[in-house]
Amino acid sequence: MNQTSVEPAGFVDTVAVPTFTLASGATIPAIGLGTFGSDRFSMEEIAAAAALALRTGYRLVDCASVYANEDLIGPMLATTMDEEGIARDELFVISKVWNDAHAPADAVASVKKSLADLRLDYLDALFIHWPFPNTHERFAAPDARNPSSRPYIHAEFMAMYRALEDLVDSGLIRHLGVSNVTIPKLRLILRDARIAPALHEMELHPAFQQGELYQFSKDRGMVVIGYSPMGSPRRPERDRFEGDVSDMEHPVVVRIAAELGVHPAEVCLKWAAQRGHVAIPFSVKPAQILSNLRCVTERPLTPAMLNALRGVESNSRLIKGQVFLWEGSDAWLDLWDVDGTIPGWTGYGSTAAE
Ligand SMILES: NC(=O)c1ccc[n+]([C@@H]2O[C@H](COP(=O)([O-])OP(=O)(O)OC[C@H]3O[C@@H](n4cnc5c(N)ncnc54)[C@H](OP(=O)(O)O)[C@@H]3O)[C@@H](O)[C@H]2O)c1
């Protein structure tokens, strides 16, 4: 697929797309395009999908340095904005600092590279992708461990965060965001941040609603973005485990979809928008790109449907992050502070966050 050969399947009037308001007063659309191809789609296909999304009416793009396609997406966005007459301030572009760039100077260099690759003067939001400086190989096996991996160390995290706050001061970043953090980590970050995070990107789909973390984040003024909003049916092999719930095959989701005469994917996205968070579905297919945006502009879920969807919650975390575990810790639950504390080097054997 290239930008010129694929026509949008239709167009959605951007005015019809719901938005959420950040603490700064800026707005963000309820639906954006995800750009992580789960190691299954070519970078060219994804960049072309970003151009197609803009032409379909999307104004939010969720990028990240680790997705390794910002250098292709940038020119596509620039050309499409030019051709379609889309002003910079109509777009909300996200990037993320990857785990290998947590040293303050590396984080700054990462943001500058993302800006250059994306052909932008500023990012609407910059997320710290994960709270750990731990990396894994592409196509890593589920039990792969990097010997240099470490637990969350708050002082190191805040050193990076302060460098990013300086980039807000200098105008390269409009908003800071956190991703894949927990309530215990957020308490520390909020305590020590000079510029509070404005957004929180977390895994959210009907079978994984994260009620407590979601409410905690909203109560502290953050706009929530849900990743893998349809349950990431194409997620990498390393993220597939027995017992994972498939949202789009869940009987309640399927029943509601049948009642509305829509695809189950649309039920997941309507649920997100009506619950009050942004969703960033991934697709390179014109018809999906269109329906994923259009569905939040028409035929909302009824209160009874929303109530039924509460019951789909199954605590089914799909992106468990086990490839980020450090030696001394053996369970992916250690990454998510499940007992309310932040584990140190020996997992829940110690607490060394401060
Ligand atoms: N912050 C983080 O750590 C983090 C982690 C993961 C993801 N993300 C972000 O979240 C984005 C989305 O997550 P994701 O790709 O994991 O999951 P997802 O958006 O839930 O799933 C994408 C897949 O769903 C299918 N799909 C899309 N629209 C559809 C429709 N209308 N009808 C039927 N099927 C449809 C497509 O599968 P087919 O190709 O088979 O049609 C597509 O590949 C990523 O691209 C990335 O930007 C962030």
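Two strands are taken to pair if DSSP finds at least two bridges between them. Helices (H or I, at least four residues) and strands (E, at least two) are DSSP runs, numbered from the N terminus. The structure is a predicted model, in which local features need pLDDT of at least 70 and side-chain atom pairs count only at pLDDT 80 or more, while totals for chains, interfaces and linings use all residues. Residues are numbered from 1 along each chain as its sequence is written.

The model contains an open sheet of eight strands in the order β3-β4-β5-β6-β7-β8-β9-β10, with parallel pairing. Strands β3 (33-34) and β10 form the edges, each pairing on one side only.

Strand β9 (residues 223-227) is joined to strand β8 (residues 199-203) by five bridges, and the two run parallel. Between these strands the chain passes through helix α6 (residues 211-219), giving a right-handed β-α-β crossover; a crossover is right-handed if, with the strands pointing away from the viewer, the path from the first strand over the helix to the second runs clockwise. L199 has V223 of β9 as its bridge partner. Two bridges join β9 to strand β10 (residues 278-279), again in parallel, and I225 is partnered there by V278.

Burial was assigned from C-beta atoms placed from the backbone: a residue is buried if 20 or more other C-beta atoms lie within 10 Å of its own, exposed if 12 or fewer, and partly exposed in between. Five of the five residues of β9 are buried, so this strand is largely enclosed by the rest of the structure. V223, I225 and Y227 point one way from β9, whereas V224 and G226 point the other way, and all are buried.

Y227 also belongs to the surroundings of the ligand: of the 29 residues there, G34, Y227, S232, A265 and F282 come nearest. A residue is counted as near if its C-beta atom, placed from the backbone, lies within 6 Å of the molecule. Helix α9 (residues 286-294) contributes the largest share of this shell, three residues. The shell divides into ten nonpolar, 14 polar and five charged residues, where Ala, Val, Leu, Ile, Met, Phe, Trp, Tyr, Cys and Pro count as nonpolar, Asp, Glu, Lys and Arg as charged, and the others, Gly among them, as polar.

D100 lies in the loop between β5 (92-97) and α3 (104-118). With 13 other C-beta atoms within 10 Å, D100 is partly exposed.
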